[in-house]
Amino acid sequence: MIYFDNSATTKPYKEVVELVARLMSEEFGNSSSLHALGIRAERILENTRRTLAETIKAQPEEIVFTSGGTESINMALKGTAEAFKRTGKHIISSPVEHDAAQESLNALSAIGYEVEYLSVDEFGRISLDELKAKIRDDTILVNIMAVNNELGTIEPVVEASHIIKSRNKKTLFHVDAVQAYGKIPINVRELEADYISFSSHKIHGPKGVGMLFMRKGARLHPIISGGGHERNLRSGTVNVPGIAGFGLAASMKFERMEQDSKTCGKIRELLMERLTASLGPMLRVNSPEDGVDNILNISLKGVQSETVLHFLEMKEIYVSSGSACHSRKNTVSRVLKAIGLSPEWAKGAIRLSFSGDNTEHEAIICSEAISEIMGTVQKM
Amino acid sequence: MEKVILVRYEEIFLKGLNKKIFENQLMRNIKDRLSPLGKVTVTRSQSRIYVESSDQGFDWDEAIIRLQKIFGIASISPVEKVESDYDAIKAKTLETIDKMLKKYQYKTFKVEAKRGDKKFPLNSPQICADLGGYILANFPSLKVNVHNPDFIFYVEVRESTYLYSEIIPGAKGLPTGTGGKATLLLSGGIDSPVAGWMIAKRGVTIDAVYFHSYPYTSDRAKDKVVKLAEILSRYCMGINLHIVPFTDIQLKINEKCPHEYLTIIMRRYMMKIAQRIAEKSGSLGLVTGESIGQVASQTMESMLVTNHAVSMPVYRPLVGMDKNEVIDIAKRIDTYDTSILPYEDCCTIFVARHPVTRPSLEKCLEYEKVLDEQGLIDEAVEKTEVVKIL
């Protein structure tokens, strides 16, 4: 099996699976309980919070645990919009965000918020000048992802944060770092964002766990009500084993970040080289040169991406058509539309995404498989 | 005193010698669908069917849900059964209404009585008047309203007496198994499950055929069709789903025939394969979800061309319906939510940009000549997988 769909989700590290399983049976206490078992769970929770905070140079009290990237993003966008509705109703966003952000913004726009979108270049990169020009006195929130999940494009979020803060001190900034975490450095001393969303399962941690960085002093209106866990920001009995698994996955991932990046970069290069050689004008590379090493988005001429996906699946090679979330909607990806890709190319777009577990040999097999398929699949 | 479900059927269809066949089949179907829920007895008396169970754990609510999906049933009522003794009837009436008033805030009622047992000392109007007075005396919060009551309390005096207040409509139609067998061309769309349901409603047993184009379409598309067949089979007393590997045929057509004729030739192959499967399984006709003019392959001209591919009758129960009418039925029979799942079925991938809307049969036959029809169909039928859905 060749798993080239690591941006959809990753295989958890063996050590992570073992830790989560052990904690589930041995440390099942409720971290809010007053007895010894609860206190032990709380200690695990707080130690993990420290570990994870350190990976982005944040303070432990700036970390709120959630059920994943989607919840973090919903909480940041809806929670700030609600908390600052008296300050203003103007929100700025990039048009190539993940559905979690896009749908949250749609929900806000439906209840009277004014959401304005920046234009992007052919790789989905926002223009900083345009951002500067669009920030107004009543702009309460700017939302930009750090790494695009479909293309691997790295957005200039650090520069954006400086522009935002110099234009309007009251404007808050949310960064979706789900695809960036563990792939490129994120340092909250440089990136002046108020909120940053993270997910565990994209870095070999368990699913159902995520976190939201909230800069000291930043506030928001909780979207989940209940017993007041996580400093009243996110109620619900805390998933201590899952969070501990996230912490271990992050430690392991950060240790091998450089090595993984090298491996992925090599795989990406090999695939591009070989596919360009064998397919020539039938191939279009949609990802930018300077994107993250672990994502390669390509378009194949005259075929439907889903067809290629199933042909590869028969050879036990797993990839994504455009983006995993879109493959169920039967429409051309919103992101590919936003970067101006023609429908002909967009229809045949596939995303290959790698992890440190992949090998160069797999890249060779996969490129050969794609070339072979392009020879046999009939063009529509 | 026990719980019973009273099942009514429409006697209008049951004439002469057929009556017994229909009744027996209906009772068998009821028994088939309810026996997984526990020990159950199904009896008939005076053109009514009674479902009884002495099983403590019998799931009565589920039984009512299942009965609503059995064709041939006009309506059902959960009833309380007592011996036909007036004191016993009165006692049970109190108990039943007391229970009902604890659940619903009814203010008005009327009594409707039917006396089938002429030996019973009171006649129907007398039962109504006397039992109505008895209820009023015992439940001061209730008033009689004969025109628009909150609930009607029904009393049927037969060998035993049945008390009930609820009449739940049934699926109508004729009992499955009394109308022969038909083979349904089932896609993942909205129409074909509805077409199958409509034919099944007339007592027809359904076999389904699905054309799968893996890897050009996802296995999720197949799962979706299996799910649709499962929903249908709750009405159809089980369905055999034939999954035909269709990729090779589509590729050959795509490769060798003019593109504007792809869809129509593909439809003709589907009909031919369905007919072969139908002949093998003893079906007497094919069923499709076509409706005139809905898409290019469903114009009158197209249907003439696809019809010509087979000798069996092709039943098209939706032929004169609008899309919204079909959607209404799909929602009522619970297939709609599954039908609108977005996985591509084989029809959406191999389509020409401008499929012909007025195909000519002559041209079709001419274009098809390049294909090894016998070989292609033999192979597809041979590799067909059958899934038995109960």
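**Exercise 1. Find the loop that holds A:E316 and judge its exposure.**

Step 1. A:E316 sits in the loop between α9 (305-314) and β11 (317-318) of chain A. Helices are DSSP runs of H or I with at least four residues, strands are runs of E with at least two, and both are numbered from the N terminus.

Step 2. Check the backbone. A:E316 has a positive phi of about 60°, although it is not a glycine.

Step 3. Check the surface. A:E316 counts as partly exposed because its relative accessibility is 43%. Buried means under 20% relative accessible area, exposed over 50%, and partly exposed in between (1.4 Å probe, protein chains only).

The model is predicted: local features need pLDDT of at least 70, side-chain atom pairs count only at pLDDT 80 or more, and totals for chains, interfaces and linings use all residues. Residues are numbered from 1 along each chain as its sequence is written, chains are lettered from A and ligands numbered from 1 in the order in which they are written, and side-chain values use heavy atoms, leaving out hydrogens and water.

**Exercise 2. Locate B:I249 and list its contacts.**

Step 1. B:I249 lies in helix α7 (residues 247-256) of chain B.

Step 2. B:I249 counts as buried, because its relative accessibility is 2%.

Step 3. Leave out residues up to four places away in sequence. B:I249 then touches B:Y269, B:I273, B:L376 and B:A380. Contact means heavy atoms within 4.5 Å.

**Exercise 3. Describe how α8(B) and α14(B) cross.**

Step 1. Take helix α8 (residues 262-281) and helix α14 (residues 373-382) of chain B. Their axes come within 10 Å and cross at roughly 55°. Axes are lines fitted to C-alpha atoms, for helices over the stretch in contact, with angles from 0 to 180 degrees between N-to-C directions.

Step 2. That angle makes α8(B) oblique to α14(B). Under 35 degrees is roughly parallel, over 145 roughly antiparallel, 65 to 115 roughly perpendicular, and the rest oblique.

Step 3. Name the contact residues. From α8(B) they include B:Y269 and B:I273. From α14(B) they include B:L376 and B:A380.

**Exercise 4. Count the disulfides and examine A:C366.**

Step 1. The structure holds 0 disulfides over all chains. The criterion is a pair of cysteine sulfur atoms within 2.5 Å.

Step 2. A:C366 is in no disulfide; the nearest cysteine sulfur, that of A:C264, is 14 Å away.

Step 3. A:C366 counts as buried, because its relative accessibility is 0%.
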